[in-house]
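Open the model in a viewer and keep the selection tool at hand. The tour below moves from one selection to the next and says what is found at each.

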Amino acid sequence: MTSRFLPVSIYGVPTDVGAARRGASMGPEALRVARLLESIARRDVEVCDEGDVGGPRNPEAGPVDGYRHLDEVVAWNQAVLQMSTRILGQGRMPIMLGGDHCLAMGSIAAVAAHCRATGKDLRVLWLDAHADFNTSEITPSGNVHGMPVACLCGIGPDVLTSLGGHVPAITPAQVRQLGIRSVDRGEKRLVKEHGLDIYDMRYIDEIGMRRVMEEALDGIDENTHLHVSFDVDMLDPSIAPGTGTRVPGGVNYREAQLMMEMIADTGRMASLDLVEVNPALDKRNATARLAVELVESLFGKSTLMRD
């Protein structure tokens, strides 16, 4: 059987340098222990593990000029950028295992550069409880994992906005955010100003996950590179307790499965982030195991054979 998915290269990024709580640095190994590679291979997808990229330790220092650990965040994202760029150049699908969500700056900057070079249209699905559109002026914490979408859209320090060599790396029109239910006060104004396309939990409740996904995936065609950036805190904490910024009222099990199956149905997913798994806050690796189950659905697992 020939897979409709690209061959996959997985790599880990063991850092929590952009997060509020320690522990996401152990996420890559937790996902491996939950048999991520074996689950993808079961879908007849060729998969290899590139190991972990390296970077500086977490200094656990306070914010400076509105950014906590900025130099370290830049160094880790440069490592991510280089690894994803290399994998994409090999004609393979990069799967970045975080670590915290600040790392999506490097992975998406690499994908955006790849799309510009190959003439592909980029669509980013940002699956998260948070909009991650903060800046140094409005952030309540200084944690950079609350800023990656803004930085990718050109709002932030030059060392982050220019990671991929093109400012902005992406535009808000290329992003669809799903599962959002925690947006800071200043952030609300900023996402409205920039027209970010957000499918928050109220909207999901009102119209249902099927229609939400139809809208979020509308316009995707054979020339689309679909990047999925999956923060496990999108899921309700009752099913995914092992993450550092839990917010009640998240996506439930069946909604998450439908979301992943409909993404798989497009056949256009070509890169993936899997971030914010924190084993220190988990129960018997339940969050990593659920994340792996959902990734298998992203690669086409379903109850019945479907056309």
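Select Ile180 in strand β5 and Asp200 in strand β6: the two are bridge partners. This is a predicted model, in which local features need pLDDT of at least 70, side-chain atom pairs count only at pLDDT 80 or more, and totals for chains, interfaces and linings use all residues. Residues are numbered from 1 along each chain as its sequence is written, and side-chain values use heavy atoms, with hydrogens and water left out. Helices (H or I, at least four residues) and strands (E, at least two) are DSSP runs, numbered from the N terminus.

**Strand β5 and its two partners**

Extend the selection to residues 197-200, which make up β6; this strand runs parallel to β5, and four bridges join them. Two strands are said to pair if DSSP finds at least two bridges between them. Between β5 and β6 the chain passes through helix α7 (residues 185-193), and this β-α-β crossover is right-handed. The term means that, with the strands pointing away from the viewer, the path from the first strand over the helix to the second runs clockwise.

Now add strand β4, residues 121-127, which pairs with β5 in the parallel sense over four bridges. One place to look is Val124, whose bridge partner in β5 is Val175. How many residues of β5 are buried? Six of the six residues in this strand (175-180) are buried, so it is mostly covered. Buried means under 20% relative accessible area, exposed means over 50%, and partly exposed lies in between (1.4 Å probe, protein chains only).

**Strand β3**

Select residues 93-98 next. This is strand β3, and because six of its six residues are buried, it is largely enclosed by the rest of the structure. In a regular strand the side chains alternate between the two faces of the sheet. Met93, Ile95 and Leu97 lie on one side of β3, Pro94, Met96 and Gly98 on the other, and all are buried.

Ile95 is a useful residue to centre on. Its bridge partner Ile10 leads to strand β1 (residues 8-13), which runs parallel to β3 and is joined to it by six bridges. Ile95 also stands opposite Leu272 in β8; β3 and β8 pair in the parallel sense over three bridges.

**Asp273 in strand β8**

Move along to Asp273, in strand β8 (residues 269-275). Which side chain of opposite charge is nearest to Asp273? It is Arg32, 14 Å away, and Asp273 is buried yet has no salt bridge. For charge, Lys and Arg count as positive and Asp and Glu as negative, while His and the chain ends are not counted. A salt bridge is a side-chain nitrogen of Lys or Arg within 4 Å of a carboxyl oxygen of Asp or Glu.

Show the side chain of His227 as well: a polar contact of 2.8 Å joins it to the side chain of Asp273. A polar contact is a pair of N or O atoms within 3.5 Å; within protein, one must be able to donate a hydrogen and the other to accept it, and residues adjacent in sequence count only if both atoms are side-chain atoms. Leaving aside neighbours within four places in sequence, the residues in contact with Asp273 (heavy atoms within 4.5 Å) include Met96, Ser107, His227 and Phe230.

**Asn278 in the loop after β8**

Asn278 is in the loop between β8 and α11 (286-298). Is Asn278 buried or exposed? Its relative accessibility is 2%, so Asn278 counts as buried. Beyond four places in sequence, its contacts include Arg21, Arg22, Gly23 and Thr243.

**Salt bridges**

The salt bridges come to 13 by the rule given above. Select these in turn:

- Glu60 and Arg22, with closest N and O atoms 2.9 Å apart. Glu60 lies in the loop between β2 (47-52) and α3 (70-89) and Arg22 in the loop between β1 and α1 (27-33), so the pair ties together parts 38 residues apart in sequence.
- Arg42 and Glu296, at 3.1 Å, N to O. Arg42 lies in the loop between α2 (36-41) and β2 and Glu296 in helix α11, so this pair ties together parts 254 residues apart in sequence. Arg42 is exposed at 51%, whereas Glu296 is buried at 5%.
- Glu214 and Arg210, at 3.2 Å between the closest N and O atoms. They are four residues apart in helix α9 (residues 209-216), and therefore separated by about one helical turn.

End with Glu29, Arg32, Asp49 and Asp52, which are linked in a network of salt bridges.
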